[in-house]
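Trainee: I'd like a close look at one part of this model, the place where charged side chains meet across the strands. Please start there and then work outwards.

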Amino acid sequence: MKNSVYRYIFLVLLLFFSSCVPYMGPYDEPYEETPYEGDHADVKHTEKGIASFMADEMQNKRTASGIPFNLRDMVAAHPTLPFGSVVDVTNLQNKSTTRVTIIDRGPFVRGRIIDLSFAAAKELGFIVQGTAEVEINLVRLGDGSIIPEEL
């Protein structure tokens, strides 16, 4: 009798803990960063899509690169470009352009290609709308490391 109670408790615990796997919804799919190889001088990278900007709640929080986010810096989050990469972002509606450094990963909303700081979004003129159709062009490919003083 005592043995079967322990066996039952063990099975219940086993089932409970085996079901404690994090749910990966359709937007939570893990990404694999595509490494850029060789001499990076010949790498061309252009994308068109939707840009958004990071919320005030991100202020002073650590980014994926390890440096704190400052909404007044000309920085951005991109899903795959190495940290330290510099891109020109052009708002396709008003043709304004700004240059940002990639310091974080994101955006994590389907259909968006870049998440900008408040300062960059303001310069591009889409603070009121919240998003804008943009084109990003790689200026300099980062090596994955970033020195905060370079910002």
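Mentor: Start with Lys48, which stands opposite Glu135 in strand β6. Helices and strands here are DSSP runs numbered from the N terminus (a helix is H or I with at least four residues, a strand is E with at least two). Before we go on, keep in mind that this is a predicted model, with local features needing pLDDT of at least 70 and side-chain atom pairs pLDDT 80 or more, while totals for chains, interfaces and linings use all residues. Residues are numbered from 1 along each chain as its sequence is written, and side-chain values use heavy atoms, with hydrogens and water left out.

Back to our pair. Lys48 and Glu135 make a salt bridge, and their closest N and O atoms sit 3.8 Å apart (the rule is a side-chain nitrogen of Lys or Arg within 4 Å of a carboxyl oxygen of Asp or Glu). Since Lys48 belongs to strand β1 and Glu135 to strand β6, the pair ties together parts that are 87 residues apart in sequence. Now look at the backbones around that pair: β1 (residues 46-53) and β6 (residues 131-140) run antiparallel and are joined by seven bridges (two strands pair if DSSP finds at least two bridges between them). As for cover, Lys48 counts as exposed because its relative accessibility is 57% (buried is under 20% relative accessible area, exposed is over 50%, partly exposed is in between, with a 1.4 Å probe and protein chains only).

Just before β1 you'll find His45, in the loop between α1 and β1. His45 counts as buried because its relative accessibility is 16%. The side chain of His45 joins that of Glu47 in a polar contact of 2.6 Å (a pair of N or O atoms within 3.5 Å; within protein, one must be able to donate a hydrogen and the other to accept it, and residues adjacent in sequence count only if both atoms are side-chain atoms).

Now slide over to strand β3. Strand β3 (residues 86-91) also runs antiparallel to β6, with six bridges between them. In this pairing, Asp88 stands opposite Asn137 in β6. How many salt bridges does a search of the whole structure find? The search finds two. Besides the Lys48 pair, the side chains of Asp88 and Arg99 meet in one, at 2.7 Å from N to O. Asp88 is in β3 and Arg99 is in strand β4 (residues 97-104), so this pair ties together parts that are 11 residues apart in sequence. The two partners differ in cover: Asp88 counts as buried because its relative accessibility is 19%, whereas Arg99 is partly exposed at 47%.

Two serines sit in the loops on either side of β3, so to speak. Ser85 lies in the loop between β2 (75-77) and β3. Ser85 has a relative accessible area of 0%, so it is buried. The Ser85 side chain reaches the backbone oxygen of Pro82 at 2.7 Å. Setting aside neighbours within four places in sequence, the contacts of Ser85 include Val100, Thr101, Ile102, Leu138 and Arg140 (contact means heavy atoms within 4.5 Å).

The other serine, Ser96, is in the loop between β3 and β4. Ser96 counts as buried because its relative accessibility is 19%. A polar atom of the Ser96 side chain lies 3.2 Å from the backbone oxygen of Leu124. With neighbours within four places in sequence left aside, Ser96 is in contact with residues including Val89, Thr90 and Glu123. From Ser96 to Gly125 the C-alpha distance is 7.8 Å, although the two are 29 residues apart in sequence.

Zoom out to finish. The protein chain has two helices and six strands, running α-β-β-β-β-β-α-β from the N terminus on. Of its 151 residues, 35% count as buried. Among contacts in the chain with a separation of 6 or more, 74% are between residues 24 or more positions apart. Long-range ties like the Lys48–Glu135 pair, with its 87 residues of separation, are a handy picture to keep in mind.
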